[in-house]
Amino acid sequence: KKGTTLEIRTLARNPIESGTRREAHMKQEGHTLMELMVVVTVIGILSALAVPNFTPLNSRTQIRCATEEIASELRLARQLAITHRDRVRITFDLEQQALVAQIVNSTDVTTHHVYRYGDKGIAIEEPSAGPEILFHPSGRSATATTIHLRSKEGQSQTLTVGITGRV
């Protein structure tokens, strides 16, 4: 057509502008080895200061867990007495660091299971009523007793078995 001009726009950018942007985009900032060493040293110092604070926490957690496990063993013994309608005796073997659960009926004594607490890092003092706790078929305990547990770090916990058999 006569008198009509077609305008073509180029989508390409100015090559000078394009190179500058690319260089700016590709330029990365890094850290020197010295800065990295300072950060690692600071983290190491903070870690060294924090570790001694975790030791008592670990000790408290261990004694608490061991106490819960022994309480669970005593509750299990009571439940066994009720379920089997026989007496169940828990014997504290302080030398072997174990609790022995035995079903005691009129004719014989059967060991049900043994719980070893020696690897838990605790010591158990002899229970106040002696080394044995006896649960009757009703779930009642023959005697009330108190059990003291102590960790190597000096943390202590106490368990009580009532005459009703409640732990």
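Which residue in E6 does Ala123 stand opposite? In this predicted model, Ala123 sits across from Arg150 of E6. That pair belongs to the antiparallel match between E4 and strand E6 (residues 145-151), which is held together over 3 bridges. Zooming out a bit, the two strands are part of an open sheet of 3 strands, ordered E4-E6-E7 and paired in the antiparallel sense. Strand E4 (122-124) and strand E7 (156-161) take the edges with a single partner strand each, so one side of each has no neighbour in the sheet. From one strand to the next, the twist averages 20°.

Next comes the helix that meets this sheet. Ile63 has its place in helix H2 (residues 33-84). Is Ile63 buried or exposed? Its relative accessibility comes out at 1%, and because buried means under 20%, Ile63 counts as buried. As for who does the covering, the contacts of Ile63 beyond four places in sequence are Ile122, Leu149, Arg150, Ser151, Gln155, Ser156 and Gln157. Arg150, then, turns up twice: as a contact of Ile63 and as the residue opposite Ala123. For Gln157 there is a backbone distance to go with the contact: its C-alpha atom is 7.0 Å from that of Ile63, although the two residues are 94 apart along the chain.

Further along H2 there is Ile70, and here the story moves to the core. The largest nonpolar core contains 24 residues, and Ile70 and Ile90 are the ones with the most contacts inside it. At least two residues of this core come from each of H2, E1, E2, E4, strand E5 (132-135), E6 and E7. H2 chips in the largest share, with 8 residues. What does Ile70 touch, leaving out residues up to four places away in sequence? The list runs to Leu99, Tyr115, Ile122, Ile124, Leu149 and Leu159. Ile122 and Leu149 are also on the contact list of Ile63.

Two of those Ile70 contacts, Leu99 and Tyr115, are bridge partners themselves, with Tyr115 on the E3 side. This brings in strand E2 (residues 98-104), where 7 of 7 residues are buried. Side chains in a regular strand alternate between the two faces of the sheet. In E2 both faces are covered: Ala98, Val100, Gln102 and Val104 are buried on one side, and Leu99, Ala101 and Ile103 are buried on the other.

E2 has antiparallel company on two fronts. Strand E1 (residues 87-93) is joined to E2 by 7 bridges and runs antiparallel to it. Within that pairing, Ile90 has Ala101 as its bridge partner in E2; Ile90 is also one of the two residues with the most contacts inside the largest nonpolar core. The hairpin of E1 and E2 has 4 residues between the strands, and Gln97 takes a positive phi near 50° there. Strand E3 (residues 109-116) is likewise antiparallel to E2, with 7 bridges joining them. E2 and E3 make a hairpin too, with 4 residues between them. Among the bridge pairs here is Val104 with Val109 of E3.

Terms used
Residues are numbered from 1 along each chain as its sequence is written. This is a predicted model: local features need pLDDT of at least 70, side-chain atom pairs count only at pLDDT 80 or more; totals for chains, interfaces and linings use all residues. Side-chain values use heavy atoms; hydrogens and water are left out. Two strands pair if DSSP finds at least two bridges between them. Axes are lines fitted to C-alpha atoms, for helices over the stretch in contact, and angles run from 0 to 180 degrees between N-to-C directions. Buried means under 20% relative accessible area, exposed over 50%, partly exposed in between (1.4 Å probe, protein chains only). Contact means heavy atoms within 4.5 Å. A nonpolar core is a set of buried Ala, Val, Leu, Ile, Met, Phe, Trp, Tyr and Cys residues joined through side-chain atoms within 4.5 Å.
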